[in-house]
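Visitor: Could you walk me through how to read a few local features here? I'd like the general idea, then the case at hand.

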Amino acid sequence: MMRPVGRFGYIACSEDSIRPANSGRRSWMSAALSLALAVAVPAFASPASAEKLTIWSGWPDLAPFYKRVGDQLKSKYPDLEISVEAIALREHE
């Protein structure tokens with residue numbers, strides 16, 4: 001008896017006889033992933049609240065820019081405290 005040969009010389013199988021090897025494991029993992037997403041989504045959906053934000057920079061020339069951006073953020077989020085610490089990179093060495 002000869003076996004039917006499909007494309008590229010592989011043995012052809014009927015579609016009914018093909019079954020994923022890890023079908024039980026796959027459904028368990030998809031259920032675990034769904035549960036993890038259901039728990040994680042509300043945590044990321046809640047708005048973040050920060051009381052203090054410190055911006056570190058290695059270029060003191062950019063400090064006025066960071067302060068101006070911080071002031072704009074403070075007008076939008078009044079509870080936010082922003083400090084800028086700009087130290088020259090050579091001083092760190």
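Guide: Here is a short tour of ring pairing, exposure and contacts. This is a predicted model, where local features need pLDDT of at least 70, side-chain atom pairs count only at pLDDT 80 or more, and totals for chains, interfaces and linings use all residues. Residues are numbered from 1 along each chain as its sequence is written, and side-chain values use heavy atoms, with hydrogens and water left out.

Visitor: How many aromatic pairs are there?

Guide: Rings of Phe, Tyr and Trp (its six-membered ring) pair if their centres lie within 6.5 Å; planes under 30 degrees apart are stacked, over 60 edge-to-face, and the rest tilted. The count here is one aromatic pair. Phe 65 and Tyr 66 make a tilted pair, 5.7 Å centre to centre with 55° between the planes.

Visitor: What is the relative accessible area of Phe 65?

Guide: Buried means under 20% relative accessible area, exposed over 50%, and partly exposed in between (1.4 Å probe, protein chains only). Phe 65 is partly exposed at 41%, and Tyr 66 is partly exposed at 22%.

Visitor: Where is Glu 81 found?

Guide: Strands (E, at least two residues) are DSSP runs, as are helices (H or I, at least four), numbered from the N terminus. Glu 81 sits in strand β2, residues 81–86, and is partly exposed at 43%.

Visitor: Which residues does Glu 81 touch?

Guide: Contact means heavy atoms within 4.5 Å. Not counting residues up to four places away in sequence, Glu 81 touches Glu 51, Lys 52, Leu 53 and Lys 74.

Visitor: Is Glu 91 buried or exposed?

Guide: Glu 91, in helix α3, is exposed at 63%.
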